[in-house]
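Dear colleague,

I am handing over the structure we spoke about, and I would be glad if you looked through it before reading my notes underneath.

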Amino acid sequence: VRALANLAELGAITLLAVLAWLGYQWAGPLAGFWGNLTLEALATVCLAGLGSATILMLPIGHLPGRVLLEWSPVAWAVTAAVVATLAWVIALGGSGASFPLLGTLGISAGFTALSVAVWAWVRYVEPAGA
């Protein structure tokens, strides 16, 4: 139940970030103070949401990523890949940029390798030293 709640939390944060990004793309350039404030608020929600979801996916401490990894490594890997891919697509320019598939796959593989290394350290190396 805890893993499903954490998965729902990550999904909600990611969905909110994507909706803010879509709102930003849909609004286009707005003139005036309130228009710029709206665009900046949407951009902030998008970047903060995806950054938070990315950090929460790390399988360390009491973060949702660790609970999700212990519950289902496949679900963790899929969720981490989706969050990382969305974060990089939006950070690299969104829908207006050409999609850097090779770079995105490389970064996702690096994130996955780092996460597995942290998991292995916490699971096998740290308990042996205690």
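**Two helices in contact**

In this predicted model, C46, L50, A53 and T54 of helix α2 are in contact with V83, L86, A87 and I90 of helix α4. Sorted by class, the residues of this contact are seven nonpolar and one polar, with no charged residue taking part. In general, a pair of packed helices is described by two quantities, the angle between the axes and the distance between them. For α2, which covers residues 32-56, and α4, which covers residues 73-91, the axes come within 9 Å and cross at roughly 145 degrees, and the crossing in which α2 passes α4 is left-handed.

**The chain as a whole**

If you step back from that contact, you will find five helices and zero strands in the protein chain, so please read the order of elements from the N terminus simply as α-α-α-α-α. Taken along the principal axes, the box filled by the C-alpha atoms of the chain is roughly 60 × 35 × 25 Å.

**A salt bridge**

Side chains of opposite charge can pair when their charged atoms come close. The structure holds one salt bridge, and it joins R66 to E70, with 3.2 Å between the closest N and O atoms. Both residues belong to helix α3 (residues 64-71), and because they are four residues apart there, R66 and E70 are separated by about one helical turn.

**A patch on the surface**

Finally, which residues form a nonpolar patch on the surface? They are L15, L19 and L22, which together have about 290 Å² of accessible area. As a guide to finding the patch in the model, L15 lies in helix α1, which runs over residues 2-27.

With best wishes

Notes:
Residues are numbered from 1 along each chain as its sequence is written. This is a predicted model: local features need pLDDT of at least 70, side-chain atom pairs count only at pLDDT 80 or more; totals for chains, interfaces and linings use all residues. Side-chain values use heavy atoms; hydrogens and water are left out. Patches are made of residues with over 30% relative accessible area and no salt bridge: like charges are joined within 9 Å, nonpolar side chains (Val, Leu, Ile, Met, Phe, Trp, Tyr) within 5 Å. Accessible areas come from the Shrake-Rupley method with a 1.4 Å probe; for residues, only the protein chains shown count as cover. A salt bridge is a side-chain nitrogen of Lys or Arg within 4 Å of a carboxyl oxygen of Asp or Glu. Axes are lines fitted to C-alpha atoms, for helices over the stretch in contact, and angles run from 0 to 180 degrees between N-to-C directions. A crossing is left-handed if the near helix is turned anticlockwise from the far one by less than a right angle, and right-handed if clockwise. Contact means heavy atoms within 4.5 Å. Ala, Val, Leu, Ile, Met, Phe, Trp, Tyr, Cys and Pro count as nonpolar, Asp, Glu, Lys and Arg as charged, and the others, Gly among them, as polar.
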